[in-house]
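Hi,

Here is the structure I said I'd pass on. Have a look at it first, and then read my notes below.

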Amino acid sequence: MVSVPNNADTATPPPGQQGVMPATPVLKQQVRNTVNEREAYLSLLLRIELRAREAVSAQELAYIIVNDTKKIAASQQIFLFELADGSIRPRAVSDVAVLDPNTPFMQWIGRIAGKLAKDADIAKPQQFSLPAYCDVGDEEVNTYPFTHFLWAPLSTREGTVFAGLLQARQTPWAENDISLTAHLAGVYQHAWLALKGPSAIKRPKRKKRLAMLGAAALLAAVSWIPVPLTALAPAEVVARNPFVIAAPLDGVIDTIVAEPNAPVRKGEPILRFVDTVFRNKYEAAEQSVVVANAKYRRLQQAAITDSKARHEMAIARAELGLALSERNFAKAILTKTVVKAPASGIVILANKDYWKGRPVSTGEQILQIARPDEVELRVDLSVRDAIVLREGAHLDVYLDAAPLSKIKASLTHASYQAEPTETQTLVYRVRARFSENPSTPLKIGARGVAQIYGDTVPLIFYLLRRPLSVIRQSIGL
């Protein structure tokens, strides 16, 4: 009789289950470990997704992509590339704090990624092994320890690839590795677009070329739009046909009676010369007339009885006439020492004290008298800004006193030759008459800026006129 041990683990299996090994404690422990590993795996995956979605900057997200993916995807090195303007460039590398794209190794990896983007469909995951996409003679093919690569693209909903992960390891990639990488790429591209926005993603090179061609065509069409050729120049309100008060004689100015910008009436004294010399000459001429007259009268009485006196009387008469002429001339000169206003108007003078005690020559301009209602515009057009001007050309004037008010004027005269200004700058003197009555009276001496309109030219000529002028003057082309 055979005894059977009373042990549940060694009991005979029930009918119908012969040949099935009973569950042992070792198998139960393995099942528990597998469940725990899956739970840890899923927990790590969720944490990576959460970190990616909570990234606050593109730099932080790039760090998470290359370093956290390595923890779960069994990758040994990960490179993150960004596609922009038709080129691909490295953005981050796992276990590297600061990326230097100029190192020989990164340039080699960059060439591999560039050929991959050119020769393969990078919109889909791609796996390859070295020496694929390498140049002949690359030493890194023999020295780099990881030979199996996996490309995972990051793209928009429209299918535009804007980035990608290039993973490397020693062993080939399995299907579950590709599925996991594709899942993580979807998470990363969602976080990337949330940070940068779809508008920040560069278009493909082909679309960019079309956009550039369209922009060039539009620019070419716009460049031929006719526009008036204009020039800006300083302007000043001046009197039209003023009365110029010039020195009537060579002398020294004693004082200017009239005040600058003050009204004067016709016949009023406006300035005086020092008359000491002229008054003495007049008094001496007056005494010469008295002497010549007395001599003539004496000879006139003696001529009745003396024939010699009759002959000398003619000479005395001529001397008397000469003395009278000299006296009248001296009186006229003395009269000119007081200059009177030839007409009523406004005195245009910068500083009256400047002329006090100043010697002047005959014909030297001292001041002007202008009618306040007869004004025009004087524009000093620089030689560099000179354009073709025609009589009646339109001007827009903006005075410094009223910069928001535009005053219209029309050109009446432009000098044929350039003239030097007080600062020795060559300018063309342009005169213009106001086309309308401004809301406020125009004060003589008011300054501003005038925009002069010339002939109509294409927009491209308007924009390149000054650069072309500088080039022609500099190198002669």
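**What I found**

Let's start with Pro 131, which sits in the loop between strand E3 (126-129) and helix H4 (140-143). The peptide bond that leads into Pro 131 from Leu 130 is cis, with omega near 10 degrees. For background, most peptide bonds are trans, and most residues other than glycine have a negative phi.

A word on the ground rules: this is a predicted model, where local features need pLDDT of at least 70 and side-chain atom pairs count only at pLDDT 80 or more, while totals for chains, interfaces and linings use all residues. Numbering runs from 1 along each chain as its sequence is written, and side-chain values use heavy atoms, with hydrogens and water left out.

As for the overall make-up, the protein has nine helices and 20 strands. The helices (H or I, at least four residues) and strands (E, at least two) are DSSP runs, numbered from the N terminus. Of its 477 residues, 33% count as buried; that means under 20% relative accessible area, while exposed means over 50% and partly exposed is in between (1.4 Å probe, protein chains only). Among contacts (heavy atoms within 4.5 Å) between residues at least 6 apart in sequence, 69% join residues at least 24 apart.

Two asparagines go with that note on phi. Asn 241, in the loop between E6 and strand E7 (243-246), has a phi near 55 degrees, a positive value in a residue other than glycine. Asn 241 is also exposed, with a relative accessible area of 61%. Asn 261 has a positive phi too, about 60 degrees, and belongs to the loop between strand E8 (251-256) and strand E9 (263-264).

On to the sheets. One open sheet has five strands in the order E2-E1-E5-E4-E3, paired antiparallel; two strands pair if DSSP finds at least two bridges between them. Strand E2 (87-93) and E3 are at the edges with a single partner strand each, so one side of each has no neighbour in the sheet. On average, neighbouring strands here are turned by 25 degrees against each other, direction ignored. Within this sheet, E4 (residues 148-155) and E5 (residues 161-169) run antiparallel and are joined by eight bridges, with Pro 153 opposite Gly 164 in E5.

Which helices lie across these strands? Helix H3 (residues 104-119) lies across strand E1 (77-84), E2, E3, E4 and E5, at about 60 degrees to E1. Helix H5 (residues 175-196) lies across E1, E2, E3, E4 and E5 as well, at about 35 degrees to E4. These angles run from 0 to 180 degrees between N-to-C directions, and the axes are lines fitted to C-alpha atoms, for helices over the stretch in contact.

Ile 178 is part of H5 and, at 17% relative accessibility, counts as buried. Leaving aside its neighbours within four places in sequence, Ile 178 touches Pro 125, Gln 127 and Leu 150. Ile 178 and Ala 73 are 105 residues apart in sequence, with 9.1 Å between their C-alpha atoms.

There is also an open sheet of four strands, in the order E11-E10-E8-E13, again antiparallel. Its edges are strand E11 (338-340) and strand E13 (359-360), each with a single partner strand, so one side of each is left free of a neighbour in the sheet. E8 and E13 are joined by two bridges, and Gly 251 has Val 360 in E13 as its bridge partner.

Strand E6 is worth a stop: 10 of its 14 residues are buried, so E6 is largely enclosed by the rest of the structure. E6 runs antiparallel to strand E20 (residues 447-458), joined by 10 bridges, with Pro 228 opposite Thr 456. E6 also pairs antiparallel with strand E15 (residues 375-382) over five bridges, where Val 237 faces Leu 377.

Last, the largest pocket, which holds about 440 Å³ of space. Strand E6 (226-239) and strand E14 (365-370) are the elements that give two or more residues to its lining. The lining has 21 residues, with Glu 236, Ile 348, Leu 349, Gln 368 and Ile 444 nearest the centre. By class, 12 are nonpolar, five polar and four charged.

In case you need the pocket terms:

- On a 1 Å grid over the protein atoms alone, a cavity is a set of points where a 1.4 Å probe fits but cannot get out, and a pocket is an open set with protein on both sides within 12 Å along at least five of seven lines; lining residues have an atom within 4 Å of a point.
- Points are joined across faces, edges and corners, and the volume is the space filled by probe spheres set on them.
- Ala, Val, Leu, Ile, Met, Phe, Trp, Tyr, Cys and Pro count as nonpolar, Asp, Glu, Lys and Arg as charged, and the others, Gly among them, as polar.

Cheers
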